[in-house]
Amino acid sequence: MIKSIETTGRTEEDAIAAALRELGKSREDVSVEVLERAKSGFLGIGSSPAKVRVSYEEKDSCVQRLEDFLRGLLERMEVEAEVSATYSEEEKLISVELSGDDAASIIGRRGETLDAIQHLSNFVINNGSEERVRVNVDAENYRARRAETLSALAQKTAGKVVRYRRNMTLEPMNAYERHVIHAALQDYPGVTTYSTGTEPNRRVVVAYDNAAAGGETPPPPREERRGQERGSRAPRDDRRPPRRSSSYQRPAPAEAPQKPPVDKTIREWH
């Protein structure tokens, strides 16, 4: 919501300074419109002060309450970060951006710390409220980068499922990450997705859908394709000699020729 106040001063700068003191805001947070310029007159006769209109955006009470909560939380975490929140009336969504040198500590391993901050923020805003508002907390554009990684993982997994006709279960994910997987594969032919398990170990299953695949047979594995491409080489089993049956009998060895008898007659030499 845009609000404005009008102030006067001896000069335009004096009028602007008076408005900033009244609002408690800095020059970067407001826009200024000069309504009347200061006139000095002649010998003080006919002089008039400057008049300006200072406009500013008044944040919704829930947005201001959330910003105050997050600043206090980050201070207790000993993390230096800037907090900026905007509210979308159409989507009923508060988008929070955290920025600073300690972005890694805000995000945590696979976004676990960021998810915890988002969970607390949703509780603070919706506790005791009749109208539910969603809160999305991001830091250094982590959510967008994570979404790209998950989309690539989903496409790769779906390719394996179609190829091997076997379901695959992904690692545990939060609700937002599971939604990214479902959205990435909703139009992928031959697969369907569903979630299984309970929080915080709920997972996405990428399942093979034969009906959606049109009953097509997946391509043969790489090893078979290599054998088909070579062509000239016979299959490995064809190169082996045939195995002998159990009824095979080895032929008897040939008999050795008999030696002539030895003449044992003793010759006498005269």
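This report walks through two sheets in a predicted model and the helices that pack on them.

## How confident the model is

Let's start with the scores. The protein chain has an average pLDDT of 80, and 74% of the residues reach at least 70. Residues 223-229 are a weak patch: pLDDT stays under 50 there, and the model gives them three contacts beyond four places in sequence. Residues 266-270 also sit below 50, and that stretch has zero contacts in the model beyond near neighbours in sequence.

## The mixed sheet, E4-E5-E6

One open sheet is built from three strands, ordered E4-E5-E6, with mixed pairing. Its edges are strand E4 (82-88) and strand E6 (134-139), each of which pairs on one side only. Going from one strand to the next, the twist averages 20°.

Strand E5 (residues 93-99) runs parallel to E6, and six bridges join the two. If you want a spot to look at, take Ser95, whose bridge partner in E6 is Asn136.

## Helices on that sheet

Helix H2 (residues 61-76) lies across E4, E5 and E6, and runs at about 155° to E4. Helix H4 (residues 112-126) lies across E5 and E6, with an angle of about 150° to E6.

H2 and H4 also touch one another. Their axes come within 10 Å and cross at roughly 140°, which makes H2 oblique to H4. The crossing of H2 past H4 is right-handed. On the H2 side, the residues that meet H4 are Cys62, Arg65, Leu66, Phe69, Leu70 and Leu73; H4 answers with Ile117, Leu120, Ser121, Val124 and Ile125. Sorted by character, the residues of this H2 contact with H4 come out as nine nonpolar, one polar and one charged.

## The antiparallel sheet, E7-E9-E8

A further open sheet has three strands in the order E7-E9-E8, and here the pairing is antiparallel. Strand E7 (168-169) and strand E8 (191-196) are the edge strands, each pairing on one side only. E8 pairs with strand E9 (residues 203-208) in the antiparallel sense over six bridges. Along that pairing, Tyr194 stands opposite Val205 in E9.

Two helices pack on this sheet. H5 touches E7, E8 and E9, and its direction makes about 35° with that of E9. H6 touches E8 and E9, and its direction makes about 165° with that of E8.

## H5 against H6

Now for how that pair fits together. The axes of helix H5 (residues 142-164) and helix H6 (residues 175-185) come within 9 Å, crossing at roughly 50°. H5 and H6 are therefore oblique to each other, and H5 passes H6 in a right-handed crossing.

Which residues make the contact? From H5 they are Arg143, Arg146, Ala147, Leu150, Ser151, Ala154, Gln155 and Ala158, while H6 supplies Tyr176, Glu177, Val180, Ile181, Ala184 and Leu185. The residues of the contact between H5 and H6 split into nine nonpolar, two polar and three charged.

Terms used:
Residues are numbered from 1 along each chain as its sequence is written. This is a predicted model: local features need pLDDT of at least 70, side-chain atom pairs count only at pLDDT 80 or more; totals for chains, interfaces and linings use all residues. Side-chain values use heavy atoms; hydrogens and water are left out. pLDDT is the predictor's confidence in each residue, from 0 to 100. Contact means heavy atoms within 4.5 Å. Axes are lines fitted to C-alpha atoms, for helices over the stretch in contact, and angles run from 0 to 180 degrees between N-to-C directions. Helices (H or I, at least four residues) and strands (E, at least two) are DSSP runs, numbered from the N terminus. Angles under 35 degrees count as roughly parallel, over 145 as roughly antiparallel, 65 to 115 as roughly perpendicular and the rest as oblique. A crossing is left-handed if the near helix is turned anticlockwise from the far one by less than a right angle, and right-handed if clockwise. Ala, Val, Leu, Ile, Met, Phe, Trp, Tyr, Cys and Pro count as nonpolar, Asp, Glu, Lys and Arg as charged, and the others, Gly among them, as polar. Two strands pair if DSSP finds at least two bridges between them.
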